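Grab a pencil and keep the 3D view open beside you. Below are some exercises, each with a solution worked out in steps.

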Amino acid sequence: NNCVTHAYLIDENNYVDSYKMVFSFVKAILCENKYIDNSKCLDCVLCKRIDEGNYPELKIIEPDGMYIKKQQIIDLQQEFSRSAVEGNKRIYIIRECEKMRTEAANSMLKFLEEPDSDIVAILMTNNINNVIPTIISRCKVIKLNNISKSTDNVDMELDNLAINFV
């Protein structure tokens with residue numbers, strides 16, 4: 001329906017290019033060129049900034065040591081409570097979301113329960129069984145096929161998959 005939901009839970013299933021696929025998805029959401037005619041825009045400034053980690057509307061959370069801590073989620077919520085600097089969508093990615101401590105997961109739930117229309121959450125996990133059920137229930141779950149080795153045409157596959165998400 002050409003719409004983006006507020007939260008996705010990506011079950012990576014040890015898919016070797018899952019992070020690359022998520023970045024293609026992020027670009028498909030944010031890029032002004034919108035992957036015209038099933039082709040990457042290739043050279044737009046926004047996509048380059050996303051690749052370089054220099055786009056203010058994209059935040060990536062990863063475990064701090066062994067866990068994702070409550071303070072990381074609080075910092076994310078505070079940052080996303082302010083208006084966007086650029087663009088009309090803000091996206092955050094939480095890698096290894098199954099490693100959220102209980103306090104962090106509870107803070108995350110509050111963030112997911114009352115979504116802003118301009119914020120998209122992408123949670124990633126290789127162990128969906130360790131993600132609390134209430135988080136799973138608030139996300140659109142996407143299970144990737146287990147591909148343990150990168151293929152030559154993975155970029156085309158990833159782009160097509162990202163296009164199908166939006």
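Two strands count as paired if DSSP finds at least two bridges between them. Keep in mind that you're looking at a predicted model.

**Exercise 1. Find the partner of β1 that has Leu123, and describe how the two strands pair.**

Step 1: Start at Leu9, which stands opposite Leu123 in β4.

Step 2: Now look at the strands themselves. β1 and β4 (residues 119-125) pair in the parallel sense, over 5 bridges. The cut-off is at least two bridges, so the pairing counts.

Step 3: Zoom out to the sheet. It is open and built from 5 strands in the order β2-β3-β4-β1-β5, with parallel pairing. At the edges sit β2 (58-61) and β5 (140-143), each pairing on one side only. From one strand to the next, the twist averages 15°.

**Exercise 2. Decide whether Asp11 is buried or exposed, and list its contacts.**

Step 1: Place the residue: Asp11 belongs to strand β1 (residues 7-11).

Step 2: Check its relative accessible area, which is 7%. Buried means under 20%, so Asp11 is buried.

Step 3: See what surrounds it. Skipping neighbours within four places in sequence, Asp11 touches Thr125, Ile128, Ile142, Lys143 and Leu144.

**Exercise 3. Work out where helix α4 lies and what its buried residues pack against.**

Step 1: Get the span. α4 has 12 residues and reaches 16 Å from its first C-alpha to its last, close to the 16 Å expected at 1.5 Å a residue.

Step 2: Find what it crosses. α4 (residues 102-113) lies across β1, β3 (90-94) and β4, and runs at about 150° to β3.

Step 3: Pick out the buried residues, among them Ala104, Ser107, Met108 and Phe111. Here's a handy rule: an α-helix has 3.6 residues a turn, so residues three or four places apart point the same way.

Step 4: Name the packing partners. The buried residues of α4 pack against β1, α3 (70-81), β3, β4 and α5 (133-137).

**Exercise 4. Track down three salt bridges and say which parts of the chain each one links.**

Step 1: Recall the background. Side chains of opposite charge can pair when their charged atoms come close. A search of the whole structure turns up 9 salt bridges.

Step 2: Take Lys59 and Glu79, whose closest N and O atoms are 3.8 Å apart. This pair links strand β2, home of Lys59, to helix α3, home of Glu79, 20 residues apart. Lys59 is partly exposed at 26% relative accessible area, and Glu79 is partly exposed at 29%.

Step 3: Go on to Glu62 and Arg95, with their closest N and O atoms 3.2 Å apart. Glu62 is in the loop between β2 and α3, while Arg95 is in the loop between β3 and α4, 33 residues apart.

Step 4: Finish with Arg90 and Asp118, where the closest N and O atoms are 3.0 Å apart. Arg90 lies in strand β3 and Asp118 in the loop between α4 and β4, so the pair ties together parts 28 residues apart in sequence. Arg90 is buried, with a relative accessible area of just 5%.

**Exercise 5. Describe the chain as a whole: how many helices and strands does it have, and in what pattern?**

Step 1: Count them: the protein chain has 6 helices and 5 strands.

Step 2: Read along the sequence, and you get β-α-α-β-α-β-α-β-α-β-α.

Step 3: Add the burial figure: 42% of the 166 residues are buried.

How values were computed
Residues numbered from 1 in each chain as written. Predicted model: local features only at pLDDT ≥ 70, side-chain atom pairs only at ≥ 80, totals over all residues. Heavy atoms only, no water. Helix = DSSP H or I, 4+ residues; strand = E, 2+ residues; numbered from the N terminus. Buried < 20%, exposed > 50% of the residue type's maximum accessible area, 1.4 Å probe, protein only. Contact = heavy atoms within 4.5 Å. Axes fitted to C-alpha atoms, helices over the stretch in contact; angles between N-to-C directions. Expected span 1.5 Å × (residues − 1). Salt bridge = Lys/Arg side-chain N within 4 Å of Asp/Glu carboxyl O.
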